[in-house]
Amino acid sequence: MNVFKQNIESQQGAVRIYCAGGAGINIGKKYGGNLPERIGSAKLMTCYIDTSRTNLHDVPDPENVFVLPELDGSGKVRKENHEAISQTIPRILK
């Protein structure tokens with residue numbers, strides 16, 4: 001491998017996409033694990049976050065799944081889990 005190519009690879013950045021809830025996870029499934037890495041481009045890392053496992057059965061990156069503990073979905077009433085979700089965000093981002 002030439003030195004220039006090795007230098008670019010060692011300086012590769014990363015972009016993390018957080019896909020939350022049913023709609024976010026469905027969008028993320030189209031990108032996570034499906035985009036080829038290219039020299040000069042940042043590595044794409046996709047994380048999937050939900051309050052239940054319903055939407056997570058076929059994600060391409062199962063090691064990057066975060067299910068909020070002790071919650072079982074919000075459905076259309078998001079305010080029910082808002083406080084628990086807000087308290088969990090710092091741990092997810094870390």
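Ile25 is buried, with a relative accessible area of 0%, in a model that is predicted rather than determined by experiment. The residue belongs to helix 2. Setting aside neighbours within four places in sequence, Ile25 is in contact with Cys19, Ala20, Tyr48, Ile49, Asp50, Asn55, Leu56 and Val59. The C-alpha atom of Ile25 is separated by 8.7 Å from that of Cys47, a residue 22 positions away along the chain.

**Overall arrangement**

The chain contains three helices and three strands, and these follow the pattern α-β-α-β-β-α when read along the sequence. Of the 94 residues in the chain, 23% are buried. Among contacts with a separation of 6 or more, 53% are accounted for by residues 24 or more positions apart. The exposed area of the chain is about 7,000 Å², and carbon and sulfur atoms supply 52% of that area.

**Helix 2 and the loop after strand 2**

Ala23 also lies in helix 2. In contrast to Ile25, which is buried at 0%, Ala23 is exposed, with a relative accessible area of 57%. Ala23 and Asn55 are 32 residues apart in sequence, and their C-alpha atoms are 9.0 Å apart in space. Asn55 is also one of the residues in contact with Ile25.

A further link to helix 2 is ionic in character. How many salt bridges does a search of the whole structure find? The search finds one. Lys29 forms a salt bridge with Asp58, and the closest N and O atoms are 2.6 Å apart. This pair links distant parts of the chain, with Lys29 in helix 2 (residues 21-31) and Asp58 in the loop between strand 2 and strand 3, 29 residues apart. The two partners have separate exposure classes: Lys29 is buried, with a relative accessible area of 17%, while Asp58 counts as partly exposed at 44% relative accessibility.

Arg53 is located in the loop between strand 2 (43-50) and strand 3 (65-67). With a relative accessible area of 60%, Arg53 is exposed. The C-alpha atoms of Arg53 and Val67 are 7.0 Å apart, and the two residues are separated by 14 positions in sequence.

**A buried acidic residue without a salt bridge**

Asp50 is placed in strand 2. Which side chain of opposite charge is nearest to Asp50? That side chain is Lys29, at 8.6 Å, and Asp50 is buried yet has no salt bridge. A salt bridge needs a side-chain nitrogen within 4 Å of a carboxyl oxygen. Apart from neighbours within four places in sequence, Asp50 is in contact with Gly21, Gly22, Ile25, Asn55, Leu56, Phe66, Val67 and Leu68. Ile25, Asn55 and Leu56 thus appear among the contacts of Asp50, and Asn55 and Leu56 also appear among the contacts of Ile25.

**Cysteines**

The structure holds zero disulfides. Why is Cys19 not bonded to Cys47? The closest cysteine sulfur to that of Cys19 is in Cys47, and at 8.0 Å it is too far for a bond, because a disulfide requires a pair of cysteine sulfur atoms within 2.5 Å. Cys47 is likewise in no disulfide. Both residues are withdrawn from the surface by the accessibility criterion: Cys19 counts as buried at 4% relative accessibility, and Cys47 counts as buried at 10%.

**A nonpolar surface patch**

Tyr18, Ile89 and Leu93 make a nonpolar surface patch of about 270 Å². Tyr18 lies in strand 1 (residues 14-20), and Ile89 is found in helix 3 (residues 82-93). Tyr18 counts as partly exposed at 34% relative accessibility, and Ile89 is partly exposed, with a relative accessible area of 39%. The C-alpha atoms of Ile89 and Leu68 are separated by 9.7 Å, although the residues are 21 positions apart along the chain. Leu68 is, in addition, one of the residues in contact with Asp50.

**Selected C-alpha separations**

| Residue pair | Separation in sequence | C-alpha distance |
|---|---|---|
| Arg53 and Val67 | 14 residues | 7.0 Å |
| Ile25 and Cys47 | 22 residues | 8.7 Å |
| Ala23 and Asn55 | 32 residues | 9.0 Å |
| Ile89 and Leu68 | 21 residues | 9.7 Å |

How values were computed:
Residues are numbered from 1 along each chain as its sequence is written. This is a predicted model: local features need pLDDT of at least 70, side-chain atom pairs count only at pLDDT 80 or more; totals for chains, interfaces and linings use all residues. Side-chain values use heavy atoms; hydrogens and water are left out. Buried means under 20% relative accessible area, exposed over 50%, partly exposed in between (1.4 Å probe, protein chains only). Patches are made of residues with over 30% relative accessible area and no salt bridge: like charges are joined within 9 Å, nonpolar side chains (Val, Leu, Ile, Met, Phe, Trp, Tyr) within 5 Å. Accessible areas come from the Shrake-Rupley method with a 1.4 Å probe; for residues, only the protein chains shown count as cover. Helices (H or I, at least four residues) and strands (E, at least two) are DSSP runs, numbered from the N terminus. Lys and Arg count as positive and Asp and Glu as negative; His and the chain ends are not counted. Contact means heavy atoms within 4.5 Å.
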